[in-house]
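Here's a quick look at how this one is put together, starting with the rings and working out to the helices. Keep the viewer open while you read.

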Amino acid sequence: MIMNDWIYKFLSVLLPIICTILGWIIYRKTERIKIMENQLSDKKYKAYADVVSVFFGILKDTKSDRQVANKSIMNRMIDSKKDIFMYGSDDVFYAFNSFLTKSANDSSNQKEIMEAFLSFMLTIRQDMCGKQSKLSNRDILINLIQNEAEVDQFISDITGQEQVGHGRRNYSN
């Protein structure tokens, strides 16, 4: 009986110590994982911002009638390709590759290239918003062109379908 009391006392002291140590180890590992996830998330969002900045830089140069610096854009695109490969989600990676292959393919028409570009932009938005983005291709075009009538005319030109009225629409088939 005395031996059993001694074992119970020993275990009653040892068990909480072991549980505390295990809890501390699990807490530290969880914190490390959170830190790594935050760092990866920061790099992913920076990669997305950089690639979107390339496109908006081209738009800015085009709207101000400045010469687009092809070499500079090519260097930035290569950096963006690397960052999207390293940090982007699979969906963003596939959408980016689709845009790149369609824009490099001589047989692609303007509609295919624009749909791939808009799909890429929407995929980035969805990845950043947890798939909650409600934007459409038309919404992105309005942001880029800043004139709804011109957007409707552009959509009509590349789809062959007249756009009537306003509101959210996805012009792709």
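Phe55, Phe96, Phe99, Phe117 and Phe120 are linked into a cluster by ring pairs. Keep in mind that this is a predicted model. Three members of that cluster turn up again in a helix packing: Phe55 on the H1 side, and Phe117 and Phe120 on the H4 side, are part of the contact between those two helices.

Rings are a recurring theme here, with nine aromatic pairs in the structure. One of them is Trp6 with Phe10, a stacked pair whose centres are 5.7 Å apart and whose planes differ by 5 degrees. Both residues belong to helix H1 and sit four residues apart, about one turn of the helix. How exposed are the two partners? Trp6 has 53% relative accessibility, so Trp6 counts as exposed, while Phe10, at 45%, counts as partly exposed. Phe93 and Tyr94 make another pair, and this one is edge-to-face because the planes stand at 65 degrees, with the ring centres 6.0 Å apart. On accessibility, Phe93 comes out as partly exposed at 26%, and Tyr94 as exposed at 55%.

Now zoom out to the fold. The protein has six helices and zero strands, and reading along the sequence gives α-α-α-α-α-α. Of its 173 residues, 28% count as buried. Among contacts with a separation of 6 or more, 54% are between residues 24 or more positions apart.

Two helix packings are worth a look. Angle and axis distance are the usual way to describe such a pair, and here they are in one place:

| Helix pair | Angle between axes | Axis distance |
|---|---|---|
| H1 and H4 | roughly 150 degrees | within 11 Å |
| H4 and H6 | about 125 degrees | 9 Å |

Start with H1, which covers residues 2–63, and its packing against H4 at roughly 150 degrees. Angles over 145 degrees count as roughly antiparallel, and that is why H1 and H4 are put in that class. Their crossing is left-handed. From H1, the contact uses Lys44, Tyr45, Tyr48, Val51, Val52 and Phe55; H4 brings Phe117, Phe120, Met121, Ile124, Asp127 and Met128. By type, that makes 10 nonpolar residues, two charged and no polar ones.

Next, H4 (residues 110–128) against H6, at about 125 degrees. With that angle, H4 is oblique to H6. H4 crosses H6 in a left-handed sense. Where do the two helices touch? Gln110, Lys111 and Met114 on H4 meet Phe154, Ile158 and Thr159 on H6. The residues of this contact split into three nonpolar, two polar and one charged.

One backbone detail to finish. Most residues other than glycine have a negative phi. Gln146 has a positive one, near 70 degrees, and it is not a glycine. Where is Gln146 in the chain? Gln146 lies in the loop that runs between helix H5 (137–145) and helix H6 (148–159). Is Gln146 buried or exposed? Its relative accessibility is 62%, so Gln146 counts as exposed.

Note on methods:
Residues numbered from 1 in each chain as written. Predicted model: local features only at pLDDT ≥ 70, side-chain atom pairs only at ≥ 80, totals over all residues. Heavy atoms only, no water. Buried < 20%, exposed > 50% of the residue type's maximum accessible area, 1.4 Å probe, protein only. Axes fitted to C-alpha atoms, helices over the stretch in contact; angles between N-to-C directions. Parallel < 35°, antiparallel > 145°, perpendicular 65-115°, else oblique. Left-handed = near helix turned anticlockwise from the far one by under 90°. Contact = heavy atoms within 4.5 Å. Nonpolar A, V, L, I, M, F, W, Y, C, P; charged D, E, K, R; others polar. Phe/Tyr/Trp six-rings, centres within 6.5 Å; stacked < 30°, edge-to-face > 60°.
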